[in-house]
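Good morning. I will talk through one protein chain, starting with a term and ending with the chain as a whole.

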Amino acid sequence: MYSDDRSSTPATGATPLLLDDAARLRAAADFVREQDTSVLLARVLPGLDGPELRALTDRCRFAHAALLVFPADEPALRAQLADCGLTCDSAAQPSVVVRDRLAARHHRDPADLDVRILRPGVIGPCGEQRAVEVFALALTPGSGSDLIAERERRQDHEAHLAFDVVRPDPLVLRGLLASFAGRGAAPDGGGYNPHEDGTVFYFTAPADTKTVYGRVELYACGDHRDVLGEHLAGGAQPAEGPAESLLRMLTGAWTTQALATCAELRLPEALDRRPGAGAAELAREVGARPECLATLLRYLAMVGVVAVDGTGYRLTGVGALLAERAPSSMRALALMYGGPFYRSFGHLTHTVRTGQPGFEHLYGENHFDHFAGRPELSALFDQSMAASAAMFDPLPDHPVLTAAAGAPGGGRTVVDIAGGTGELLERVLTRHPDLRGTLLERPQVLAAARARLAAGPVGARCAYLAGDFADVPPEGDVYLLSRVLHDWDDDRCRSILRYCAEAMSPDADLLIVERLLPADGAPSLATAWDLHMMCNTGGQERTADHYARLLSDCGLRLVGHGPLPLGARTLHVRRAEPVRAEVRKVSPGEFVPFGR
C-alpha cells in the first residue's frame with residue numbers, strides 16, 4: 001500500500017498503443033493500483049474546482065481501467081493474466097456493449113463476435129477493491145478477427161477508465177452526466193447489460209484530459225435505460241460555452257451558502273425524521289418561511305443534496321453528511337466555510353496584493369488566536385477538522401506503525417503532535433493494542449480530547465501533554481504531524497521540524513499527513529486548499545520536492561510517501577545521517593505556538 005517512491009504521478013506513460021497484450025495488461029494493472037479517485041477525476045476533467053471535485057468524489061469511485069485483448073481462447077487468456085499477476089475465478093460474461101460497438105466499427109454481424117469480460121481484482125492504494133476490466137475477442141482462424149485485432153490495438157478504442165456511481169438514482173445520474181458534459185466530456189455511447197443488470201454511460205474524454213485514456217465510463221448498477229436514452233441522444237447537457245462556464249464559477253458562492261444554510265437550519269435532521277415531507281411541513285420543523293424554504297430545496301435538489309420524492313424531498317448520501325450525528329459528518333465544515341472563512345475570502349484581493357491573510361485583515365488577528373478566544377467557534381473549528389478524518393482510515397496500517405506494534409517487548413509510543421481531539425491517535429491505538437500514545441495539544445483542546453478518549457477503549461493507553469511545538473517529547477518511537485505544516489510559511493515550518501528533529505531518536509520515525517501539489521501542475525484538491533491556506537492562515541500546500549528540501553534543512557530526510565483518501569499523502573520521514581551533526585538547535589526567537 002505504501003511505497004518509498006517519491007513520485008505521485010501515475011504510470012500512464014506505460015501504455016503506448018503498440019505494446020503487446022501482456023504489456024498492456026501489466027500497465028493497466030499498475031495504473032489501477034496507484035490511483036486516488038479525487039486526483040484521477042481532476043486529471044480526467046481538468047478545471048474541476050474544490051467543491052465540485054469533492055461532490056463528484058462523493059458520488060462515484062474509481063473502479064477499473066479497461067482494455068480489449070485478443071487471445072487464442074479463454075484458457076490462453078487466463079494463462080496470460082496469471083503471468084501478469086492477475087487472477088479471476090469467476091466465469092467470463094458476454095459483453096453486449098463492446099460487441100455491438102465492434103460490430104458497428106468493423107461492419108460485422110454482432111452474432112459473429114463473441115466478446116467476453118473478465119475482471120481480475122486489483123487492490124487500490126488505500127485497500128479499495130478494484131479491477132482491470134478485460135474484454136476479450138478470441139482470434140479465430142479464418143474469421144477475420146486478426147484484422148480487427150490489428151486495427152483495435154492501434155486505436156485502442158475500448159481502453160477506458162471507469163467510475164462506479166454510488167447509490168445511483170435518476171437525479172444523481174443526471175447530475176453526474178451534466179458535470180462530465182459541462183467539463184467537455186462528450187457522450188460516446190453506452191448500454192444496458194442484462195447479464196449483469198448494469199447500465200454504462202461512455203464519454204470521450206475532454207481534449208485537455210491529463211491521462212492517456214481517451215474514454216471514460218460511468219457504471220450504475222440496475223436498469224437506467226431512461227437516463228441512458230437521454231445520454232445517447234446527447235440530452236444530458238450540452239457542453240458549456242465560455243460564458244456558461246464563467247457564470248457557473250461565479251455562482252459557486254451561492255452553493256456554499258446554500259449548504260451552510262441547510263446545515264444551520266438542521267434540514268438534514270428534519271428530513272431524517274420526516275422523509276418525503278414537503279416544503280410546508282419542513283418549514284414548520286426548522287422554523288422557516290415555506291415559500292423561501294421551497295426555493296432553497298429546489299436549489300439543493302439541483303446540486304444533489306436532496307432528491308425530489310413525489311411531492312416532497314428526501315436526503316441523498318451527500319446531504320446526509322450535513323447532519324451533525326452522521327458518520328464523518330461535514331456539518332461543522334459547512335458552517336466554517338459558509339461563516340468565518342466565507343467572510344475572510346471576501347478579502348482575497350487584499351491577500352494577493354499584500355501577502356497578509358484575508359482573515360487577519362478582517363478580524364485583526366490570526367485565525368488561531370481568533371478561535372482560541374471564542375470557545376464556541378474553537379469547538380466548531382475542531383469539529384470541522386474531524387470532518388475530514390476519513391483520510392486517516394488507511395494510516396494505522398502504515399508499515400512504520402505496524403512495525404512499531406510488532407516490535408519485541410512491546411510498549412512502543414506514538415506521539416501525535418498538535419493532534420486536535422485525538423481522532424488519528426485513537427484510530428492508531430485501536431488498530432494496535434500494543435502501542436501507547438501521547439497527545440500533545442493546547443490546554444483547551446486537550447480537555448476536550450481527554451473527555452472524548454477517556455470514555456473509550458484506548459483511554460488507558462493514552463497520555464496527555466499540554467504544550468506547543470517546543471514541547472515535543474523525546475520518548476516517541478513514532479511521531480505524527482497531521483495537517484499542521486500547511487498552516488505555516490517555510491520559515492515556521494523549519495522551526496516546527498527542528499523541534500521534531502531535536503526530539504527524535506536515531507531510530508524514530510515521523511509520519512506527516514498533508515496534501516501534495518502535483519509536480520506537473522495538474523488540477524487537484526491541494527490546489528484549492530493552497531488558495532484557502534494563503535487567504536486564511538498565511539500557509540500553503542507544497543510539492544513533495546518542496547517538503548524534501550524543508551526536511552533536509554532540518555536534518556531530516558523524506559524516505560517516501562503514499563496515498564491517503566481525499567487527496568492526502570503520508571510522508572515518511574527519518575533522521576538524516578549523521579544524526580546529530582546536521583540538526584541546528586532552535587533559537588528562542590523561532591518559537592512557534594500551536595495553531596490548531
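A residue is called buried when its relative accessible area is under 20%, exposed when it is over 50%, and partly exposed in between. Please keep those cut-offs in mind, and keep in mind also that this is a predicted model.

Take leucine 247 as the opening case. Is leucine 247 buried or exposed? Its relative accessible area is 54%, and the cut-off for exposed is over 50%, so leucine 247 is exposed. You will find leucine 247 in helix H9, which runs over residues 242-250. Leu247 also belongs to a nonpolar surface patch, together with Leu246, Met249 and Leu250. The area of that patch is about 420 Å².

Now a contrasting case, histidine 106. This residue sits in helix H5, residues 96-106. Its relative accessibility is 12%, and therefore histidine 106 counts as buried. What does the side chain of histidine 106 make a polar contact with? The partner is the side chain of glutamate 152, at 2.6 Å. If we set aside the neighbours within four places in sequence, histidine 106 is in contact with Ile148, Arg151 and Glu152.

Next, salt bridges. Side chains of opposite charge can pair when their charged atoms come close. How many salt bridges does a search of the whole structure find? The search finds 31. I will go through three of these salt bridges, and then a network.

One pairs arginine 33 with aspartate 30, with 3.0 Å between the closest N and O atoms. The two residues are 3 apart in helix H1, residues 21-34, so about one helical turn separates arginine 33 from aspartate 30. Arginine 33 has a relative accessible area of 33% and is partly exposed. Aspartate 30, with 35%, is partly exposed as well.

Another joins the side chains of glutamate 230 and arginine 174, at 2.7 Å from N to O. This pair links distant parts of the chain, since glutamate 230 is in helix H8 (residues 225-232) and arginine 174 is in helix H7 (residues 170-182), 56 residues apart. Glutamate 230 counts as partly exposed, at 29% relative accessibility. Arginine 174 counts as partly exposed at 33%.

The last of the three is between glutamate 269 and arginine 266, whose closest N and O atoms are 3.5 Å apart. Is glutamate 269 buried or exposed? With a relative accessible area of 17%, glutamate 269 is buried. Arginine 266, at 33% relative accessibility, counts as partly exposed.

As for the network, salt bridges that share partners join Arg105, Glu152, Glu158, Asp188 and Arg215. You have already met Glu152, as a contact of histidine 106.

Two buried residues come next. Alanine 270 lies in helix H11, residues 267-273. Its relative accessible area is 0%, so alanine 270 is buried. What does alanine 270 touch, not counting residues up to four places away in sequence? It touches Leu282, Glu285 and Val286. Glutamate 281 is 11 residues from alanine 270 in sequence, and the C-alpha to C-alpha distance is 9.5 Å.

The other is cysteine 554. Where is cysteine 554 found? It is in the loop between helix H26 (544-553) and strand E17 (556-563). At 0% relative accessibility, cysteine 554 counts as buried. Cysteine 500 is 54 residues away from cysteine 554 in sequence, and 9.1 Å away in space, C-alpha to C-alpha.

Finally, the whole chain. There are 26 helices and 18 strands. The radius of gyration is 26 Å, close to the 25 Å that the globule rule gives for 596 residues, so the chain is as compact as a globular protein of that length. The C-alpha trace spans about 80 × 65 × 50 Å along its principal axes.

How much of the chain counts as buried? Of the 596 residues, 54% do. The chain exposes about 25000 Å², and carbon and sulfur atoms supply 54% of that area. Among contacts between residues at least 6 apart in sequence, 69% join residues at least 24 apart.

That is the end of the talk.

Notes. Residues numbered from 1 in each chain as written. Predicted model: local features only at pLDDT ≥ 70, side-chain atom pairs only at ≥ 80, totals over all residues. Heavy atoms only, no water. Patch = residues over 30% accessible without salt bridge, like charges linked within 9 Å, V, L, I, M, F, W, Y side chains within 5 Å. Areas by Shrake-Rupley, 256 points an atom, 1.4 Å probe, with all protein chains shown as cover. Salt bridge = Lys/Arg side-chain N within 4 Å of Asp/Glu carboxyl O. Helix = DSSP H or I, 4+ residues; strand = E, 2+ residues; numbered from the N terminus. Buried < 20%, exposed > 50% of the residue type's maximum accessible area, 1.4 Å probe, protein only. Polar contact = N/O pair within 3.5 Å; in protein donor to acceptor, adjacent residues only side chain to side chain. Contact = heavy atoms within 4.5 Å. Rg over C-alpha atoms; globule rule 2.2 N^0.38 Å.
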